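Please open the model in your viewer and keep the sequence panel beside it. The tour below goes from one selection to the next and says what is found at each stop.

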Amino acid sequence: MTDYVMTLDSASNAAYITFTDCDVDKSVEASDYANVDLDKNGKIVGIEFLTLDVPDDLVNSLILFDELKDESELLNKLIETSRAAAGH
């Protein structure tokens, strides 16, 4: 299981999930709802949810965090679910 810390920002209605304290090398737009921060080796540092007002399907995908072992698998599932929720 991957350990993570979720930070909620009620003022901006956003959230950030931190997986590691490594430096962020680049950010990738994963969907209309989320950006993924990567370290210099391409590993996920964290995921920024730009809004918490998202379709139920995307919210349900957060449950996958405790079920997934590999960060790249998590990213693929997040992108897939985000696109499905957005109708793409």
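Is Leu50 buried, partly exposed or exposed? Leu50 is partly exposed because its relative accessible area is 35%, where buried means under 20% relative accessible area, exposed means over 50%, and partly exposed lies in between, with a 1.4 Å probe and protein chains only as cover.

Before going further, note that this is a predicted model, in which local features need pLDDT of at least 70 and side-chain atom pairs count only at pLDDT 80 or more, while totals for chains, interfaces and linings use all residues. Residues are numbered from 1 along each chain as its sequence is written, and side-chain values use heavy atoms, with hydrogens and water left out.

**The whole chain**

Colour the protein by secondary structure, and two helices and five strands appear, in the order β-β-β-β-β-α-α from the N terminus on. Helices (H or I, at least four residues) and strands (E, at least two) are DSSP runs, numbered from the N terminus. Of the 88 residues in the protein, 35% are buried.

**Around Leu50**

Return to Leu50, which lies in the loop between strand 5 and helix 1. Setting aside residues up to four places away in sequence, Leu50 touches Ser12, Asn13, Ala14, Asp32, Tyr33, Ala34 and Asn35, where contact means heavy atoms within 4.5 Å. Draw a distance from Leu50 to Asn13, and the C-alpha atoms are 7.6 Å apart, although 37 residues separate the two in sequence.

**The hairpin and its partner**

Asn13 leads to the next selection, since it sits in the turn of the hairpin formed by strand 1 and strand 2, with four residues between the strands, and it has a positive phi of about 55 degrees. Select residues 5-9 and residues 14-18 to see these two strands running antiparallel, joined by five bridges; two strands pair if DSSP finds at least two bridges between them. Within this pair, Thr7 stands opposite Tyr16 in strand 2.

Add strand 5 (44-49) to the selection, and you will find that strand 2 also pairs with it in the antiparallel sense, over four bridges, with Ala15 standing opposite Phe49.

Val5, in strand 1, counts as exposed because its relative accessibility is 52%. Leaving aside neighbours within four places in sequence, Val5 is in contact with Tyr16, Ile17 and Thr18.

**The nonpolar core**

Now select Val36, Ile44, Ile47, Phe49 and Leu75, which touch the most other members among the 13 residues of the largest nonpolar core. Strand 2, strand 4 (34-38), strand 5 and helix 2 (71-85) each supply at least two residues of this core. Such a core is a set of buried Ala, Val, Leu, Ile, Met, Phe, Trp, Tyr and Cys residues joined through side-chain atoms within 4.5 Å. Centre the view on Leu75, which is in contact with Ala30, Val36 and Ile44 when its neighbours within four places in sequence are left aside.

**A last stop at the surface**

Which residues make the nonpolar surface patch of about 360 Å²? Select Tyr4, Met6, Leu8 and Leu52, which together make it. Leu52 is found in the loop between strand 5 and helix 1 (56-61), and it counts as partly exposed because its relative accessibility is 37%.

Definitions and conventions: Patches are made of residues with over 30% relative accessible area and no salt bridge: like charges are joined within 9 Å, nonpolar side chains (Val, Leu, Ile, Met, Phe, Trp, Tyr) within 5 Å. Accessible areas come from the Shrake-Rupley method with a 1.4 Å probe; for residues, only the protein chains shown count as cover. A salt bridge is a side-chain nitrogen of Lys or Arg within 4 Å of a carboxyl oxygen of Asp or Glu.
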